[in-house]
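Biologist: I'm new to this one, so could you walk me through it and tell me what the labels rest on?

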Amino acid sequence: MQIDVVTIFPEYLAPLRAALLGKAIDKGLISVGVHDLRDWTQDVHKAVDDSPYGGGPGMVMKADIWGPALDDVCTDETRLIVPTPAGRPFTQAVAHEYAEEAHLVFACGRYEGIDQRVVDDARRRVRVNEVSIGDYVLVGGEVAVLAIVEAVARLLPGVLGNPKSHAEDSFQDGLLEGPSYTRPLVWRDLEVPDVLRSGNHRLIDRWRRDQSLARTFERRPDLLESLPADAFDKHDRAL
Ligand SMILES: COc1cccc(COC(=O)c2cn[nH]c2)c1
């Protein structure tokens with residue numbers, strides 16, 4: 001997979017090469033290009049933004065800078081991703097979709113956003129996704145790109161040590177992950193639930209499922225709404 005990021009703060013993307021991703025890059029599973037948007041400016045001040053038509057606070061990033069940058073970085077097989085508070089939710093399901101792509105390009109917006117014509121024009125040539133990683137406003141898209149790239153990269157074969165760990169992911173079965181424990185058996189007078197040491201894997205799986213359902217019901221009842229009815233067996237329903 002080829003990942004390209006266009007940003008006015010290329011140094012912000014340095015962590016991409018660290019840790020998990022560093023290994024994936026070394027193994028040749030992912031190649032990452034970071035591009036400074038200012039390389040496409042023509043003026044001495046390297047201006048990338050201007051005042052908004054219609055007035056209002058803040059600045060808008062210029063189409064006549066973004067357009068040429070995306071023309072150079074995107075190919076016709078690119079999936080262009082624009083992190084924005086106004087985007088569709090980025091979810092584990094979307095991460096799995098992105099993990100199938102050959103080329104992801106991320107456009108990091110700042111200020112009040114990017115001139116809408118940049119996305120409207122790009123849609124004429126490539127698939128464009130305006131995505132949100134949460135209902136809050138960051139200063140720029142760079143942090144969102146780090147989050148999205150990490151969520152996607154860990155799904156690529158060979159990137160994670162233990163490939164089975166995806167199956168146990170939170171959201172994998174549409175529910176939140178329940179609690180986990182490891183040694184010591186007693187810590188600050190707190191004990192590990194007995195069932196986990198019973199060796200009875202049918203009971204352990206049932207206990208873990210109950211914990212996931214209870215936690216999801218308590219913290220994210222919305223996730224239960226969107227599950228198909230057959231996701232719950234008769235034991236679940238008795239909860
Ligand atoms: C493209 O236009 C803008 C404008 C303002 C901030 C940003 C950065 O993204 C976020 O703030 C965000 C992404 N998901 N949740 C919050 C982009």
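Biologist: How many salt bridges does the structure hold?

Modeller: The structure holds 15 salt bridges. Bear in mind that this is a predicted model, where local features need pLDDT of at least 70, side-chain atom pairs count only at pLDDT 80 or more, and totals for chains, interfaces and linings use all residues. Residues are numbered from 1 along each chain as its sequence is written, and side-chain values use heavy atoms, with hydrogens and water left out.

Biologist: What makes Asp-71 and Arg-125 a salt bridge?

Modeller: The term asks for a side-chain nitrogen of Lys or Arg within 4 Å of a carboxyl oxygen of Asp or Glu. Asp-71 and Arg-125 come to 3.6 Å, N to O, so the pair fits the definition. This bridge links distant parts of the chain, 54 residues apart: Asp-71 is in helix H2 (residues 63-73), while Arg-125 is in the loop between helix H4 (116-122) and S7. Helices (H or I, at least four residues) and strands (E, at least two) are DSSP runs, numbered from the N terminus. Arg-125 also forms a salt bridge with Asp-121, with the closest N and O atoms 2.6 Å apart.

Biologist: Why is Asp-115 called buried?

Modeller: Buried means under 20% relative accessible area, exposed means over 50%, and partly exposed is in between (1.4 Å probe, protein chains only). Asp-115 has 16%, so it counts as buried. Its salt-bridge partner is Arg-117, at 2.6 Å between the closest N and O atoms. Arg-117 has 52%, so the label there is exposed.

Biologist: Why is the pair of Phe-90 and Tyr-98 called tilted?

Modeller: A search of the whole structure finds 1 aromatic pair. Phe-90 and Tyr-98 form that pair, at 5.9 Å centre to centre with 35° between the planes. Rings of Phe, Tyr and Trp (its six-membered ring) pair if their centres lie within 6.5 Å; planes under 30 degrees apart are stacked, over 60 edge-to-face, and the rest tilted. The angle therefore makes this pair tilted. Phe-90 is buried at 17% relative accessibility, and Tyr-98 is buried at 0%.

Biologist: What is unusual about backbone geometry here?

Modeller: Most residues other than glycine have a negative phi, and most peptide bonds are trans. Lys-46, not a glycine, has a positive phi of about 55°. A cis peptide bond joins Arg-183 and Pro-184, with omega about 5°.
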